[in-house]
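The exercises below are to be worked with the sequence and the coordinates at hand. Each task is followed by a stepwise solution.

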Amino acid sequence: MGVYARRWGPRGHSLGVFAFMTYFVAQFLQATPRHLPELYAAVLLSLLVAGGVRFGLWCYERRLPPAPVPAGPGGTGLARVTTRQAVQATAGAGFALVVGQLVSGERWYWAVGATWWVFVNTTSRGETLVRGFRRVLGTVIGIGLGLAVAVPVDGAPLPTAAILAVCVFGIFYTAAVSYTWMMLCVTLLAELLYGLLGVLDPALLALRLAETGVGALGAVLAVLFVLPVTTHAVTDAWIQRALRCVHAATAEAAARLAGSTTADPASRVAELEQLLGRVRLSVAPLVHPLNPMLGRKRRARRVLALLDDCAREILSLIHRDRRPSGRGLLARGVGGGGPHRRRHRRARTARHVPGRDGTGPRPPARPGVGPGGAGDPPSDSVGVATGRGVRRGRCVRSSLV
């Protein structure tokens, strides 16, 4: 259910993660019904502290516009990716539960937890395989660091509290950078907590490594043999959405430069940034250093380079916004910089050229050119530089297609 909840977007995903973590904490602490008041009080305290810091002391997003979140892939039944992932996670967790019990009757939940975390924020088979590898690698490095740090500290309150604070910072700081480093911090944090409980020893660390390997293996087997979601299918879907966004953003930018007051390419650019992030995540397994398929790796890098070229050309078009009223994209911070401001001034000056301000005779339009044409950009006040920018953007898009 925790994985299936992703079909309702980020909130559903967060709810699923929180539900599973609550279950995991109960197993970690070996809680019984008489511990429920203490657990409820601890959860409430943590929510109050996190909410006070996040929305009171340092609400850094208050002055930032909300980032658009691209909708997930559609489908119904087993054609929906979230449904297939839920079945995969259940099968992988079942494997981890059985084998984890054989390895250790007390710490089997480590294997189930490893399977769960491998599935978090992954979609395709390739993403899950890479994440499982990084999970094991981070655990191995974290155990080695724990032998050098957590075992000598042996639950001493002050050093443990200081290192715990560093680990919490490291978890959130490295989460968006490297899953391996994040798992290193998570492993070290768990070792420090076991040191506080007085049960930390090298044998326990070896058991954690074994259970983590079992959980990662369960996730790998599930994504390979249970309703697999191929990397190609996921990558192709996100690239198609990015291409449609590139097309829409180019049209909006050309319309704005042609004098339209309703065209707003800035929103398209924000959406494109989010889609490019999703494309990079889905393509990451293909460009991984350990990927043996060199041909697919080269094509994936070529696709990323072409999409980046598309984004640069669209931003270049937006930087040429010629509107002098202060309401243009330059005034809103989308563009900026000396060369773009000079082009902006030249575009304003061009408004006084006969035939470009709407009062004099207009030059004859070339066939196939205009706001709705399929060839070059509109020919009223865009100018030669803008025409070249639109053509370059369309050429790059055509190459990508």
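**Exercise 1. Describe how α4 and α5 cross in this predicted model.**

Step 1. The axes of α4 and α5 come within 9 Å, and they cross at roughly 135°.

Step 2. Classify the angle. Values over 145 degrees would count as roughly antiparallel and values from 65 to 115 as roughly perpendicular, so α4 is oblique to α5.

Step 3. The hand of the crossing between α4 and α5 is right-handed.

Step 4. List the residues. On the α4 side the contact is made by Ala114, Trp117, Val118 and Phe119, and on the α5 side by Thr128, Arg131, Gly132 and Arg135.

Step 5. Sort the contact residues by class: 4 are nonpolar, 2 polar and 2 charged.

**Exercise 2. Repeat the analysis for α1 and α4.**

Step 1. Here the axes approach within 11 Å, with a crossing angle of roughly 165°.

Step 2. An angle over 145 degrees counts as roughly antiparallel, and therefore α1 is roughly antiparallel to α4.

Step 3. The crossing of α1 and α4 is left-handed.

Step 4. From α1 the contact takes Gly16, Val17, Phe20, Met21, Phe24, Gln27 and Phe28; from α4 it takes Tyr109, Trp110, Val112, Gly113, Trp116 and Trp117.

Step 5. The composition of the α1 and α4 contact is 10 nonpolar, 3 polar and no charged residues.

**Exercise 3. Place glycine 113 in its surroundings.**

Step 1. Glycine 113 is a residue of helix α4.

Step 2. Is glycine 113 buried or exposed? Its relative accessibility is 3%, and the limit for buried is under 20%, so glycine 113 counts as buried.

Step 3. Leaving out residues up to four places away in sequence, glycine 113 touches Phe20 and Phe24. Both Phe20 and Phe24 belong to the α1 side of the contact in Exercise 2.

Step 4. Check a long-range pair. Glycine 113 and glycine 215 are 102 residues apart along the chain, and their C-alpha atoms are separated by 7.2 Å.

**Exercise 4. Check the length of helix α5 and state what covers its buried residues.**

Step 1. Helix α5 runs over residues 125-148, which is 24 residues.

Step 2. At 1.5 Å a residue, α5 should span 34 Å. The end C-alpha atoms of α5 are 35 Å apart, which agrees with the expectation.

Step 3. The buried residues of α5 are Gly126, Glu127, Thr128, Val130, Arg131, Gly132, Arg135, Gly138, Thr139, Gly142, Ile143 and Gly146.

Step 4. The cover over these buried residues includes α4 (109-119), α6 (150-153), α8 (179-197), α9 (202-225), α10 (231-257) and α11 (265-283).

**Exercise 5. Do the same for helix α3.**

Step 1. Helix α3 covers residues 81-103 and has 23 residues. From its first C-alpha to its last, α3 reaches 32 Å, close to the expected 33 Å.

Step 2. The buried residues of α3 include Val81, Thr82, Gln85, Ala89, Gly92, Ala96 and Gly100.

Step 3. The buried residues of α3 pack against α4 and α9.

**Exercise 6. Examine two loop residues with positive phi, asparagine 121 and aspartate 154.**

Step 1. Asparagine 121 is in the loop between α4 and α5. Its phi is near 60°, a positive value in a residue other than glycine.

Step 2. Asparagine 121 has 49% relative accessibility and therefore counts as partly exposed.

Step 3. Aspartate 154 sits in the loop between α6 and α7 (157-174). Although aspartate 154 is not a glycine, its phi is positive, about 55°.

Step 4. With a relative accessible area of 55%, aspartate 154 lies over the 50% limit, so it is exposed.

**Exercise 7. Summarise the protein as a whole.**

Step 1. How many helices and strands does the protein have? There are 14 helices and 0 strands.

Step 2. Of the 401 residues in the protein, 42% are buried.

Step 3. Take the contacts with a separation of 6 or more: residues 24 or more positions apart account for 69% of these.

How values were computed. Residues are numbered from 1 along each chain as its sequence is written. This is a predicted model: local features need pLDDT of at least 70, side-chain atom pairs count only at pLDDT 80 or more; totals for chains, interfaces and linings use all residues. Side-chain values use heavy atoms; hydrogens and water are left out. Helices (H or I, at least four residues) and strands (E, at least two) are DSSP runs, numbered from the N terminus. The expected span of a helix is 1.5 Å times one less than its number of residues. Buried means under 20% relative accessible area, exposed over 50%, partly exposed in between (1.4 Å probe, protein chains only). Contact means heavy atoms within 4.5 Å. Axes are lines fitted to C-alpha atoms, for helices over the stretch in contact, and angles run from 0 to 180 degrees between N-to-C directions. Angles under 35 degrees count as roughly parallel, over 145 as roughly antiparallel, 65 to 115 as roughly perpendicular and the rest as oblique. A crossing is left-handed if the near helix is turned anticlockwise from the far one by less than a right angle, and right-handed if clockwise. Ala, Val, Leu, Ile, Met, Phe, Trp, Tyr, Cys and Pro count as nonpolar, Asp, Glu, Lys and Arg as charged, and the others, Gly among them, as polar.
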